[in-house]
Amino acid sequence: MTTVTRPTAVRRLRPGVAVTPLRAGLHLRGRGGSLTLEGSDALPALWKLLEEPLREGRLEDLLARMAPGSAVRGAVDALLRQLEAHGLLAAGEAGPPAPGPVGQWLEESAGRPAASAAALAATRAEVLAADPDAALARAAGQALAHGGLPVAYTADPGLPAGRVLLRVHGDGPDRAVAAGRCGGGGYATAPGSPAQARSDARALEARLGPAAQEAAPAAFLPLLAGTAAHRLLCAAAGLADPATEGGDERLLPGLPAVLLADARPLRADYRSWLGPERLDADRRTGLAPARTLGEALRRLDALGDGRCGVLPGPEPADLGQLPVPLARCVLPGDGVPGASLTGGAPRLDLARLELFCRAAELLLGEGFVIGADPGHARGRALRAAAARLPGGAAVPEERWSAHPQARHWWTTLTVRLGVPARLEVVRAAPGEEVYRAVVHRAGAPAAAPPLGEAVEATPGDAAAFAALAAVSALTAPTPPAPTTTPTPPAPAVPAVTGPVGRRVPPSGGAVAPLATAGARIAAWEDAGWTNGWMADVAGREEAFQAALHRLTGSGLPDVADAVGPSDRGEPADGVALSGAVVRGDAVGLAGRAGPPDGLEPLDPVGDGVAPPGVLGPWDGVGPVDRVGIRGVLRGVGSLGLPAPSGPGSLGAAGVRELVSQLRAFGFAVVDITGKEAP
């Protein structure tokens, strides 16, 4: 009988790891990370004992000679644990490392270099292009060959000029990466199935536009080809995608990243991006709702990316940040450059999130409410529903005037801005802690729209948010006017202003739980400070939403059931989500009379009389907004959606796709109608 001796697994220090002894410690630097150990004069001496066995693969022999449980063995084990945790050790078989640059690369990068080398040895590569002799195809083939793969070139008439599809065949399913020129640069897709790579390439080229006619720098095509080949080689060898290296906090873990390259100046970086067709299983897995405001803002930045985002990205631009932080969401449309939404909030980050949600709601049509997580969306939806309720018992001024935030924003409005105004606070219903505050210009007709309004759990919070909304509305600049129709001054709406012809529902403190999650609130930060105020509002939000639900009878789902990432199926003509249904048309609150969204046409700030021609055919949206919304949809063009004719006119397929994108990034979508999709 023949006995087969299996190779012994050993641990090695990765090639290229540099070590600097310190006075009482060590500093190690490797390709994937670094490590500093301090606190003992014995560390440099301990490293002298370990370094040679670690580099030559003789660590296990050294450990076998150490007495178990001894102080030296304990110190060595602690050091090895730190090296493994920081990716500075590699596990492999006894014997010398694999020769050549590919072997060295695997020793430096792979968790198990021998297994990765075996995977590459069983893999062959194919470069598909309309012209296999084109410069990009040849550069990609050379990069794959330098990675140790045999390369075949295949003509594919179905690929446009300027695009290549790199494909590997091995023991598992085929993997592919597409690369090509478009716009002023090029792209390389995330590794996936060949069908997924083709689909992603088509969507990116449609989003970024045709390639520039001018010649690119000599290094541009090798950069693009080398990046695509590197991603594919890592996928074939079982290594992490290069996009995950480097600690780029803009990238969202769990979502694929596309490389976007610029020809002039020559540069490239990764962006989180999902194409319209998610054919592979890993593309159909969405992110969980954001746990903190920072997470939500990183997702907002990815969805609002100027090059590959699907919605406009809100920024402070050139807006003044006093007396209220302002952000602008520019909607570049045909004929009206700079048409935009502008809004304010207690902090700039909160204003950016509010504007992003409002832009998505405009795109989907009235009746939809967007939030960074289910609780945020539900809070915004319930506040919007409660703002439509009639009447209420007046609350005496002394019950809200002492609130530090109400006092600050009311003084800013009436003293600093010099606006003659009146503020009224009413209790929505006896026995419920729900208060609605409304700010009117003094002397304005009773039917005139408010300068600001809010619905909150205390009279002070409601007054503060309403006054803040009025300050935001009055300090936001007027959007540019179209050449054919006069544009009214910036409308007076709470929290968010812009070229819309309807009141924007108040959202107020709905974001407070997210804004304070994980935040450290100092003991001295009371309600007079924004952080302390948000913490107070957050502490009341759960009970307040329950009261709003009882009061409005809106049929909204519970927080846990609000629309968010899930793997539940979607019906053919709508997205049914636990009692809330995402729909393509705008309808009103179920069971309530009034116009489709239950909101009155908004007059400009001032005399309460709307000039003729402000309201257009798109359900009360003014001419500037009609132009601007088309600009938003340039980003939606990357989703493969048809060009809409106005807000909320995406149709069922367009709404489903945009909702799918929002859900994949962890945002929540609620249809406040609660009706079944048509």
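**Exercise 1. Helix α12**

Task: In this predicted model, determine which residues of helix α12 (residues 404-416) are buried, and explain why they line one face of the helix.

Solution. Begin with the burial cut-off, under which a residue counts as buried when its relative accessible area is under 20%. By that criterion Gln405, Ala406, Trp409, Trp410, Thr412 and Leu413 are the buried residues of α12. Next, look down the axis of α12: the buried residues fall within an arc of 150°, and therefore they line one face of the helix. The general background is that an α-helix has 3.6 residues a turn, so residues three or four places apart point the same way. Then turn to the other side of α12, where Val415 and Arg416 are exposed, a label that requires over 50% relative accessible area. Finally, ask what the buried residues of α12 pack against: their partners are the strands β17 (421-427) and β18 (435-441), together with the helices α13 (459-475) and α15 (530-552).

**Exercise 2. The two ends of α12**

Task: Describe glycine 418, just after α12, and decide whether histidine 403, in the loop between β16 (393-394) and α12, is buried or exposed.

Solution. Start with glycine 418, whose phi is positive, at about 65°. Move then to histidine 403, which has a relative accessibility of 14% and therefore counts as buried. To identify its surroundings, set aside the neighbours within four places in sequence; histidine 403 is then found in contact with Gly460, Asp461 and Trp533.

**Exercise 3. The largest pocket**

Task: Characterise the largest pocket by its volume, by the residues that line it and by the chemical character of that lining.

Solution. The volume of the largest pocket comes to about 570 Å³. Its lining is made up of 27 residues, and those nearest the centre are Thr244, Leu252, Pro253, Gly254 and Leu255. When the lining is examined by element, helix α9 (residues 293-303) gives the most, with three residues. When the lining is sorted by chemical character, 12 residues are nonpolar, 12 are charged and three are polar.

**Exercise 4. The protein overall**

Task: Summarise the secondary structure, burial, contacts and surface of the protein.

Solution. Count the elements first, which gives 17 helices and 23 strands. For burial, 54% of the 678 residues count as buried. For contacts, consider those between residues at least 6 apart in sequence, of which 65% join residues at least 24 apart. For the surface, the accessible area is about 28,000 Å², with 55% of it belonging to carbon and sulfur atoms.

Key. Residues numbered from 1 in each chain as written. Predicted model: local features only at pLDDT ≥ 70, side-chain atom pairs only at ≥ 80, totals over all residues. Heavy atoms only, no water. Helix = DSSP H or I, 4+ residues; strand = E, 2+ residues; numbered from the N terminus. Buried < 20%, exposed > 50% of the residue type's maximum accessible area, 1.4 Å probe, protein only. Contact = heavy atoms within 4.5 Å. Areas by Shrake-Rupley, 256 points an atom, 1.4 Å probe, with all protein chains shown as cover. Arc of directions from axis to C-beta. 1 Å grid on protein atoms, 1.4 Å probe; cavity = no way out; pocket = protein on both sides within 12 Å on 5 of 7 lines; lining within 4 Å. Points joined across faces, edges and corners; volume = space filled by probe spheres on them. Nonpolar A, V, L, I, M, F, W, Y, C, P; charged D, E, K, R; others polar.
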